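Subject: Structure handover and notes

Dear colleague,

Please find below the structure I promised to pass on to you. My notes on it follow directly after.

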Amino acid sequence: MKKVELHLHFDGSCNIELASKLLKRDVSSELVASKTSNLSEYLEKFGLAIDLLQDLDNIEEFAYLLGKDLEADDVIYAEVRFCPLLHTEKYSVQDVVQAIIKGFRRVPKVKINLIFCMMRNFPIEKNRKIIYLTQAFLGEGVCGIDLAGDEANFKTKDFKELFDQINREKIPFTIHAGEADSYESVLSAIQFGTKRIGHGVRSIESMDTIKQLRDKGITLEICPTSNVDTKVVDDISEHPIKKLNDLGVLITINTDNRTVSNTNLNKEYEILQKEFNFSDEDFLQFNLNAINCAFISEKEKELLRKELLN
């Protein structure tokens, strides 16, 4: 099945073989989250990848290999997110973004856009800089902005000022919410005017939140295996994705971090089909949902719909 992926972190999806070659040791255990007990521990797995993604040649090659992984997964469109200010020890943001785009363009079968991430632990002025960078690159390989990081310790409600600015500038945005924090985090994201929420699975704790998601047509970027890895749920059988779908919430399926969670979309689909008996028609609808809320033009969406349905 052809697929669309909207929630995918660049630095959480680095090719293990290349990383091991560059560091001259097997780094599998350093990049894959096999025994993490919460989101904070899971995020520790990004440190090594961020170190490797300071060199332009490395950045381009990791981007190319991620593009090849997406191609092998039958992905026709993807939005890949990362924080640009975490990769500028040696080079400018412009150089880093160009290197990523150059790598992606070596895989012409997959259309890929970038989303810039503000970080919850950054001071407000540093996140403002990311807003300005997103404005500068918008339409030049970058399609939107996100808020990522340690949700439990840096509450979504505290970022209103930044999202007021993003709304004024009419920048497409998504927000990580309802992963490591409760449905209240989702409500804050809704109040900011978001049309997409990264994860959002803890919305299930509140029927009022569910109603707002449904009534406002807000789409959830759900990442099932990642939610098990970060202990949002203890086991995939406890995941609320089926309940959310049955309640009429718009769902998309994503990997979050292909390397850290040791997954791909084919694996995610197989897990969900086995556990919740989702049909091919369900997965087709999830992909149509992803196209409908993608940060691209209506013309591009229509082309993707035709490709998906052929």
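Glutamate 5 has alanine 78, in β2, as its bridge partner, and this pair belongs to the parallel arrangement of β1 and β2, which are joined by five bridges. Before going further I should say that the model is a predicted one, and the remarks below should be read with that in mind.

The sheet that holds β1 and β2

Strands β1, β2, β3 and β4 follow one another in that order in an open sheet of four strands with parallel pairing. At its edges stand β1 (3-9) and β4 (142-148), each of which pairs on one side only, and neighbouring strands are turned against each other by 25° on average, direction ignored. Between β2 and β3, which run parallel, there are six bridges, and tyrosine 77 has lysine 111 of β3 as its bridge partner. The parallel strands β3 and β4 are likewise joined by six bridges, with methionine 119 matched to alanine 148 in β4. As general background, strands of a sheet pair through backbone hydrogen bonds, in either the parallel or the antiparallel sense.

How far is β2 enclosed by the rest of the structure? Eight of the eight residues of β2 are buried, so this strand is largely enclosed. Helix α5 (residues 56-72) lies across β1, β2 (75-82) and β3, and runs at about 145° to β2, while helix α7 (residues 124-137) lies across β3 and β4 at about 160° to β3.

The largest pocket

The bridge partners methionine 119 and alanine 148 come up again in the largest pocket, where Leu43, Phe46, Met119, Ala148 and Gly149 are the residues nearest the centre, out of 23 that form the lining. The space in this pocket amounts to about 330 Å³. Each of α3 (39-43), α4 (46-52) and β3 (111-119) supplies at least two residues of the lining, and the largest share, four residues, comes from α3.

The second sheet

Another open sheet of four strands, also with parallel pairing, has the order β5-β6-β7-β8. Here β5 (175-177) and β8 stand at the edges, and because each has a single partner strand, one side of each is left without a neighbour in the sheet. Neighbouring strands of this sheet are turned by 35° against each other on average, again with direction ignored. Strand β6 (residues 196-199) pairs with strand β7 (residues 219-222) in the parallel sense over three bridges, and within β7 it is glutamate 221 that stands opposite glycine 198. Helix α9 (residues 183-191) lies across β5 and β6, running at about 155° to β5.

Asparagine 254

Asparagine 254 is found in the loop between β8 (250-253) and α13 (265-276). Is this residue buried or exposed? With a relative accessible area of 0%, asparagine 254 falls under the 20% limit and therefore counts as buried. A polar atom of its side chain lies 2.9 Å from the backbone nitrogen of leucine 6, and the side chain also makes a polar contact, at 3.0 Å, with the side chain of threonine 252. If neighbours within four places in sequence are left aside, the contacts of asparagine 254 are Glu5, Leu6, His7, Glu221, Ile222, Cys223, Pro224, Leu265 and Glu268; this list includes Glu5, the bridge partner of alanine 78, and Glu221, the residue opposite glycine 198.

Other loop residues

Isoleucine 236 lies in the loop between α11 (224-229) and α12 (241-246). Because its relative accessible area of 14% is under 20%, isoleucine 236 counts as buried. Not counting residues up to four places away in sequence, isoleucine 236 touches Pro224, Val228, Ile271, Glu275 and Phe276. For isoleucine 236 and phenylalanine 276, the separation is 40 residues in sequence and 9.6 Å in space, C-alpha to C-alpha.

You may also wish to look at two backbone angles. Lysine 231, in the loop between α11 and α12, has a positive phi of about 65° although it is not a glycine, and at 38% relative accessibility lysine 231 is partly exposed. Asparagine 262, in the loop between β8 and α13, has a phi near 50°, which is again a positive value in a residue other than glycine.

With best regards

Conventions
Residues are numbered from 1 along each chain as its sequence is written. This is a predicted model: local features need pLDDT of at least 70, side-chain atom pairs count only at pLDDT 80 or more; totals for chains, interfaces and linings use all residues. Side-chain values use heavy atoms; hydrogens and water are left out. Buried means under 20% relative accessible area, exposed over 50%, partly exposed in between (1.4 Å probe, protein chains only). A polar contact is a pair of N or O atoms within 3.5 Å; within protein, one must be able to donate a hydrogen and the other to accept it, and residues adjacent in sequence count only if both atoms are side-chain atoms. Contact means heavy atoms within 4.5 Å. Two strands pair if DSSP finds at least two bridges between them. Axes are lines fitted to C-alpha atoms, for helices over the stretch in contact, and angles run from 0 to 180 degrees between N-to-C directions. On a 1 Å grid over the protein atoms alone, a cavity is a set of points where a 1.4 Å probe fits but cannot get out, and a pocket is an open set with protein on both sides within 12 Å along at least five of seven lines; lining residues have an atom within 4 Å of a point. Grid points are joined across faces, edges and corners, and a volume is the space filled by probe spheres set on the points.
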